[in-house]
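User: Hello! I am new to protein structures and would like to learn how to read one. Could you take me through it step by step?

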Amino acid sequence: MLAAGGWFGFNLYTQHRATAEVEAAFEQIRASGGKASHGKVAFELATRTLTIENINVEPAQPELANVKIAKVTAVGVRQPNEAHFSADSIDVSGVEVAFTYTDRAKLKANYKIPQIIAHEFSGPTRAASAPLSGSIVDMYRFMLAQYATVSASSIMAPTIAVNVDAGTGNAGGGDFVYSGLAVQNVNRGKIETAKTDRITYSLDVTQPGKPGKMTGELSGLAAYDFDASAVTAALDPQGSSDDSFHRIYRRISANSYVVTMAPGVRVKIDDVAIDDIAIRPSKFRMAEIMALMPADGSIPTPAQSRDMIEKVADFFEGFQIGKAEIGKQTVETPQGTGKLNAFKYEQNRIALEGLDMPTPQGQLRMERFALKSFSAANLIRWAASLRTPGQPPSPDQMLGLFRVLEGAEIKGVVSPFKNTRQLITIDTISLNWGQLVGSIPSKANLVVKMVTPTDPSNPAQRPLIMAGVDKLAIDLDLGAAWTESSGAFALAPATIDLGNLAKAQARFALANVPRGVFTADPVQAMGQAAQIETGAIELSLRDSGVVDLVVAQFSRMQNVSRDAARSAIAEMIRAQGEKVTAANLDAKAAVDALAGFVETSGQTLTIKLTPLGKLPVVQLIDALNSEPIVALAQFRIEASTGL
């Protein structure tokens, strides 16, 4: 009897103590000006189960959420010290959260969560005081700070329903439903895994005079190895000097995403994966961007816009993704269905693979499109530099595009040719550049391999069509590079192969090219160009049908046989060449080689020009404009033909 009396007495004491601890936590909210109430509090000593009913919390800060909870049941409650407690499990039921955001636009969000279950939970007995400012960034920082004080082996919420009210007539309101939320191994600011089976939503996208809805479903969303410490540092109002990258997610993935927008428009995306998401606290300054936006919603001034753009560019410099890949994407529209097999991002390289989409002329297919060394921060800064009110962009501003990326590539394109039934096929178009001097590349390469139909509407191509050439196979390879240490500039390779006509190759070298010539200022460029000297020039032309084409055209124009036309062209070349050879005997070899090239089809003509001494480029250009024969006399000329 004494033991039983002691048990019940102790049980009453512990329940009284538990009630006092709960009341102390609620009193903390009241002391800060908020409202907090609860119903029955019970504590069962044998299982150390704490039960609290009818919780209602209304913080003094309007930016914080109002919370209602029907019941909280914590089993295996322990309190190692006055500041912390733990529980084997916590079951929270009937949760309603109301959030109102009024910083720049009025927005209300209401959450309804029937049940939340946490296992092996540990956390503080009382939350820290919330910030007094109305900044949403401060609120987010406050919530991260609270989150960093708790741990749990798992947290689950079978269903979360959210209603967002953007106000009558305003787009953005709607309903969200989260199903099967499960969080594993929460440990003081870190999460091992967070998953949800499905997220569905319906949003109001009404525009003036155009009511509309957008619905979506995201399945299998998962986040792995989240770390809030870097985010907390980035949100520090005093700023952070930490200039190194810190990973905040190891991976974010999703199984599929389906969106239905305007009538007849549906987007489906499969298999999303983003790896190694990191931020640099010194650059990732969201609070500074928001602070620059006018609080009254007015249009920012030009100065505010410039500051905002610079902050946004810094923001992108402070955000890093190791790798991202989005699987098959389908866009259904009333005009047809477009498909993309994959979007890939890795090491600042963006690639689209397997594009198949309708166009007004027909179906467009592309195997691959890629951008190399793409920089979002440089793109933002470049776009901002073009915005000069009342003035067109300067050449130097336009050349800033070379800082945004270092090249582009297109492969495997099949596209309709204008409004005909013929197709353009592109094997490769690749353009790369680098070694920027200011905004100008001093190294570049262009590769083009494609087949295009000849165009009857183009007068320049009519001789080709009359000769029966209905397609042009183009194989182009151009390369140019400058070496600063030697001042040498070389154009090599420079090749164009018109498969059914001819193949031309060129090599061209310049010496003593100064750094100052790479400028958008034409006056400065011309001044520096006076130092440049001409090097060797080598040209070759392989006949694959172009000679026969010229002969056939001349034959039709002169109404003579093809043999007579061929002989007449060769004689014309020799006659014109006599004027040149009179001033430069070396030129006779070139004239004879050119005439022989016309007389026999299928040959290769090679001409090499070597300067006889130092020959400034400016002097050569002046001579070519006034007296080409004199200009040619500055070179030793070698020429030959061969099959």
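Analyst: Happily; we will go from the overall form to single residues. Please keep in mind that this is a predicted model.

User: Thanks! Let me begin with the whole chain. How many helices and strands does the protein chain have?

Analyst: A good habit is to begin with the secondary structure. Here the protein chain has 14 helices and 27 strands.

User: And what does the radius of gyration of the protein chain come to, beside that of a compact globule?

Analyst: For 643 residues, a compact globule would come out near 26 Å, but this protein chain has 37 Å. The spans along the principal axes go well with that number: the C-alpha trace covers about 135 × 50 × 50 Å.

User: What percentage of the residues count as buried?

Analyst: Of the 643 residues in the protein chain, 34% are counted as buried. You can also look at the surface itself: the chain exposes about 35,200 Å², and 58% of that comes from carbon and sulfur atoms.

User: How do I read contacts between residues that are separated in sequence? What share of them comes from residues 24 or more positions apart?

Analyst: Take the contacts in the protein chain with a separation of 6 or more: 58% of them are between residues 24 or more positions apart.

User: Now the charges, please. How many positive and negative side chains are there, and how far apart are the centres of the two sets?

Analyst: There are 61 positive and 65 negative side chains, and the centres of these sets lie 3 Å apart.

User: I have heard of salt bridges. What is the cut-off for one?

Analyst: A side-chain nitrogen of Lys or Arg has to be within 4 Å of a carboxyl oxygen of Asp or Glu. Applying this rule gives 24 salt bridges. One of them joins Arg247 and Asp276, with 3.5 Å from N to O. Arg247 belongs to strand 12 (residues 246-260) and Asp276 to strand 13 (residues 266-279), so this pair ties together parts that are 29 residues apart in sequence.

User: Are Arg247 and Asp276 buried or exposed?

Analyst: The answer lies in between. Arg247 is partly exposed at 41% relative accessibility, and Asp276 is partly exposed too, at 35%.

User: Could you show me another pair? Which residue does Asp314 meet in a salt bridge?

Analyst: Its partner is Arg381, at 2.8 Å from N to O. This pair links distant parts of the chain, with Asp314 in helix 5 (residues 302-317) and Arg381 in helix 6 (residues 376-385), 67 residues apart. Asp314 has a relative accessible area of 16%, so it counts as buried, while Arg381 is partly exposed at 25%. Salt bridges with shared partners also join Lys283, Glu310, Asp314, Glu317 and Arg381 into one network.

User: What about Lys344: which residue is its salt-bridge partner?

Analyst: That is Glu353, and the closest N and O atoms of the two are 3.4 Å apart. Lys344 has 31% relative accessibility and counts as partly exposed.

User: Let us turn to the backbone. What is the general idea with phi?

Analyst: Most residues other than glycine have a negative phi. With that in mind, look at Ser373, where phi is near 55°, a positive value. Ser373 sits in the loop between strand 18 (362-372) and helix 6, and is partly exposed at 33% relative accessible area. Gln435 also has a positive phi, of about 50°. Gln435 is found in strand 20 (residues 423-437) and is partly exposed, with 43%.

User: To finish, how do I read the surroundings of one residue? Which residues does Thr330 contact, leaving aside those within four places in sequence?

Analyst: Thr330 is in contact with Arg266, Val267, Lys268, Thr337, Gly338 and Lys339. Thr330 lies in strand 15 (residues 329-333) and is buried, with a relative accessible area of 15%.

User: And Tyr249, where is it found?

Analyst: Tyr249 is in strand 12 and is partly exposed, at 22% relative accessible area. Not counting residues up to four places away in sequence, Tyr249 touches Ala223, Tyr224, Asp225, Phe226, Asp276 and Ile277. You may remember Asp276 as the salt-bridge partner of Arg247.

Terms used. Residues are numbered from 1 along each chain as its sequence is written. This is a predicted model: local features need pLDDT of at least 70, side-chain atom pairs count only at pLDDT 80 or more; totals for chains, interfaces and linings use all residues. Side-chain values use heavy atoms; hydrogens and water are left out. Helices (H or I, at least four residues) and strands (E, at least two) are DSSP runs, numbered from the N terminus. Buried means under 20% relative accessible area, exposed over 50%, partly exposed in between (1.4 Å probe, protein chains only). The radius of gyration is taken over C-alpha atoms; the globule rule is 2.2 Å times the number of residues to the power 0.38. Contact means heavy atoms within 4.5 Å. Accessible areas come from the Shrake-Rupley method with a 1.4 Å probe; for residues, only the protein chains shown count as cover. Lys and Arg count as positive and Asp and Glu as negative; His and the chain ends are not counted. The place of a charge is taken as NZ of Lys, CZ of Arg, CG of Asp or CD of Glu.
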